[in-house]
Amino acid sequence: MRGILGWGAYLPYRRLDRSTIRAVAGTGGGTGHRTVASYDEDTTTMGVAAARDALRGTAARPRAVWFATTVPAYLDKTNATVAHAALRLDRTAAAYDAVGSVHSAMGALRAGLDADGPCLVIASDVRTGLPGGADEAAGGDGAAALLAGSDRDGPVLAERLAWASLTEEFLDRWRIPGAAASRTWEERFGETRYTALGLEAFKLALGDAGLEAGDVATLIVAGPHARAARAVAAGSGVPAVRIADRLDGRAGDTGAAHPGLLLVAELERAAAEGAEAGRIVVLLTLSDGADAVVLRTTGALAAHRPYRPLAEQLEAGAPVAYGTYLAWRGLLPVEPPRRPGPARPSAPAAARNRDWKFGLVGSRGEDGTVRLPPSPLDAARHPMAGETGTVAALTVDRLAHSPSPPVVFAVVDFDGGGRLPVELTDVDESGIAVGDRIEMTFRRLFTADGVHNYFWKGRPARGAGQAAPDGEGTG
């Protein structure tokens, strides 16, 4: 039996109210809100956040990592290796990218399900449209991670029964490298193509599994073409009450991450309801063809509790102004900081200090003292990424270089020992105080000369699950 062993989901803290768009852009907008990656987030950092949660509470160690996105932080360099380092995975675990299209996420998931041994599949995306356009309002940012494996690796939560893929070349959505936004053909053209493909893939997958539409407990239809997704759902023969919410109004379409996010939402819901084993879930995606995977839940699902439930993340978050969103996306030039920008990070220094820089690994001396950064005199390593701490001191710096000033710094005392001065994120200067609880998050400090300087920041601990501290390799 091979299927899903665990999952993680990540939605950025900031949300854009779509009703604020029209007042500035003169058009666009709508109802509900979309998730917005902060200025210090990209597809790599969000993918790491989701993957950390997917690996909590399991002893399975990935033998491979697949990272899928349409907006890679790097080209010519593998982004999955950054996630690999932040998660502190074994050197023998391979790391690959699958980038450039929404479809790549399903290819990565199929590779993970077909692999030998545990495989971590990360899908992460930042969706941007031109101001006032449909993609801007309908898009969303986020990440999902699925740990695939067999019952030899741990309890399988959802077993794969069948997979059907249909490939067809037609020009519906495209973006040339370097362009700020995608372009689309007339909507009815894509709807016609995708509706036929989706229904055929759905029928083929059910046939391979020996099932009929009436056996499906939940049908998930993902893909950037919302009209086609609704048409496929309506024509599938699955009752409307069994069609999964696409999260359009609460998160937006997160592109390559969206199939995984919607699957996480359904598995999480089934686990919370204590669903019986044998529940049939079909994930159907429409992107450069159609893919349909049939999953059957197992008895282990009801006992599974995600560390940071997606349902809680959907209800959380704080607003971001439309102008700030445009500035973070680079669509609205703003006055730069008055101080010189940072220099390009040193590649040799990053390589020498990989465990500290990417994995936040300190050291512990023979007397039990935790040192951050690690001391070469200590023999024991001490992972800190899963630790929580308390703000001991605060300062707000309005002069330091930042694309979104002011910078909030804190001195954090960790529960298990160790003190670290660290930049805070996902917080307003009036929303943090001495004594507040802090958790760590992998972020991009800055980018200089095309080099992203990744490290860890602190953020307020806002009701995350109380799972055991990160184990070896979970960052």
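1. Aspartate 40 is a buried residue, its relative accessibility being 0%, and in this predicted model the acidic side chain has a partner, since aspartate 40 forms a salt bridge with lysine 457 in which the closest N and O atoms are 2.9 Å apart. The pair ties together parts of the chain that are 417 residues apart in sequence, because aspartate 40 lies in the loop between β3 (33–36) and α2 (43–55) whereas lysine 457 belongs to strand β22, residues 451–460. Lysine 457 likewise counts as buried, at 0% relative accessibility.

2. The contact between aspartate 40 and lysine 457 should be read together with its surroundings, as both residues take part in a network of salt bridges that links Asp40, Glu41, Glu423, Asp426, Arg443 and Lys457. For the model as a whole, the count of salt bridges comes to 36, where the rule applied is a side-chain nitrogen of Lys or Arg within 4 Å of a carboxyl oxygen of Asp or Glu.

3. A second buried acidic residue that deserves attention is glutamate 266, which is found in helix α8, residues 258–272, and which has a relative accessible area of 4%. When neighbours within four places in sequence are left aside, the residues in contact with glutamate 266 are Thr218, Ile220, Arg279 and Val281.

4. Which side chains meet glutamate 266 in a salt bridge? One of them is arginine 269, with an N to O distance of 2.8 Å; arginine 269 and glutamate 266 are 3 residues apart in helix α8, and so are separated by about one helical turn. An α-helix has 3.6 residues a turn, so residues three or four places apart point the same way. The two ends of this salt bridge are not alike in accessibility, for arginine 269 counts as partly exposed at 38%, while glutamate 266 is buried at 4%.

5. Arginine 279 also meets glutamate 266 in a salt bridge, at 3.4 Å from N to O. Here the pair links distant parts of the chain, with arginine 279 in the loop between α8 and β12 and glutamate 266 in helix α8, 13 residues apart. Arginine 279 counts as buried, its relative accessibility being 14%, which falls under the 20% cut-off used for that class.

6. Helix α6, covering residues 187–209, has 23 residues and reaches 33 Å from its first C-alpha to its last, close to the 33 Å expected at 1.5 Å a residue. Its buried residues are Gly190, Glu191, Tyr194, Thr195, Leu197, Gly198, Ala201, Phe202, Ala205 and Leu206, and these pack against the strands β8 (158–167), β11 (218–222), β12 (280–286) and β13 (289–297) as well as against helix α7 (226–235). The residue that follows α6 is glycine 210, whose phi is positive, near 70°.

7. For the annotated region, the unreviewed UniProt entry places the feature "domain: ChsH2 C-terminal OB-fold" at residues 384–443. Over residues 384–443 the model shows 0% helix and 50% strand, and the C-alpha atoms at the two ends are 15 Å apart.

8. On confidence, the protein chain averages a pLDDT of 94, and 97% of the residues score at least 70. The stretch to set apart is residues 465–475, over which the pLDDT is below 50, although this stretch has 29 contacts in the model beyond near neighbours in sequence.

Note on methods. Residues are numbered from 1 along each chain as its sequence is written. This is a predicted model: local features need pLDDT of at least 70, side-chain atom pairs count only at pLDDT 80 or more; totals for chains, interfaces and linings use all residues. Side-chain values use heavy atoms; hydrogens and water are left out. UniProt positions are given in the numbering used here, feature names are shortened, and annotations may be inferred rather than shown by experiment. Helices (H or I, at least four residues) and strands (E, at least two) are DSSP runs, numbered from the N terminus. The expected span of a helix is 1.5 Å times one less than its number of residues. Buried means under 20% relative accessible area, exposed over 50%, partly exposed in between (1.4 Å probe, protein chains only). Contact means heavy atoms within 4.5 Å. pLDDT is the predictor's confidence in each residue, from 0 to 100.
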